[in-house]
Amino acid sequence: MAVKRSTTKKAVLIFLLISLASSHSRSTVTLELVNWIAYNVPAFITCSEKNKVLGDPVRVEHDGTYEYPCHTVMLGTSCRCEVKWDDQVRYFKAFKYTRDHSICGSKCRWYLLPGGPMLADSSEPIDYPVVKRVDNWSGVGVFSANSDEKVASQA
């Protein structure tokens, strides 16, 4: 009788763990990046999820926006973005689950500035950001412009 109860308890525990894991399955956080680098300076932006190759850059004009769907799976999720303008290349972690899920909700709005990206409240009007955090760029490089970029729409 004791073996049967132990087996039943294990089965119930496994069922609960699977249910908990599936309730926190993949969801999507939209990364909205606004080009505030400089007037009349386009940015070339590409984002990717952890351990994936960055895609083709998208050209975003000044005041324009680029949106990227970051697929989240709880604690291990992170998305990074690469931003290129003039002869500059910068990187930053645009979403890290443990850092950002309570701040962003379903959308993280980043304003891209020469000194670093600024996370703002996405429920506020895009022209009047309410700042949540200012980050530094996490990487630096040099960019050679490519004429085959995709072009993003202006806000």
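The paragraphs below go from the overall fold of this predicted model to its nonpolar core and then to two residues, Phe92 and Val83.

The protein chain contains 2 helices and 11 strands, and, when it is read along the sequence, these elements follow the pattern α-β-β-β-β-β-β-α-β-β-β-β-β. Among contacts in the protein chain with a separation of 6 or more, 56% are made by residues 24 or more positions apart. Of the 155 residues in the chain, 39% are buried, while the exposed surface of the protein chain comes to about 9,200 Å², with carbon and sulfur atoms supplying 56% of that area.

In soluble globular proteins, nonpolar side chains tend to be buried together. Here the largest nonpolar core has 27 residues, of which Leu31, Leu33, Ile45 and Phe92 touch the most other members. At least two residues of this core come from each of several elements, including strand S1 (27-35), strand S2 (43-49), strand S6 (88-96) and helix H2 (97-104), and S5 gives the most, with 4 residues.

Once neighbours within four places in sequence are set aside, the contacts of Phe92 include Leu33, Cys79, Cys81, Val83, Trp110, Leu112 and Trp137. One of these partners, Val83, lies in strand S5 and counts as buried because its relative accessibility is 0%, where the cut-off for buried is under 20%. With the same exclusion of sequence neighbours, Val83 is in contact with Ala43, Phe44, Ile45, Gln88, Val89, Arg90, Phe92, Leu112 and Trp137. The C-alpha atoms of Val83 and Ile45 are separated by 4.7 Å, although the two residues stand 38 residues apart along the chain.

Methods
Residues are numbered from 1 along each chain as its sequence is written. This is a predicted model: local features need pLDDT of at least 70, side-chain atom pairs count only at pLDDT 80 or more; totals for chains, interfaces and linings use all residues. Side-chain values use heavy atoms; hydrogens and water are left out. A nonpolar core is a set of buried Ala, Val, Leu, Ile, Met, Phe, Trp, Tyr and Cys residues joined through side-chain atoms within 4.5 Å. Buried means under 20% relative accessible area, exposed over 50%, partly exposed in between (1.4 Å probe, protein chains only). Contact means heavy atoms within 4.5 Å. Accessible areas come from the Shrake-Rupley method with a 1.4 Å probe; for residues, only the protein chains shown count as cover.
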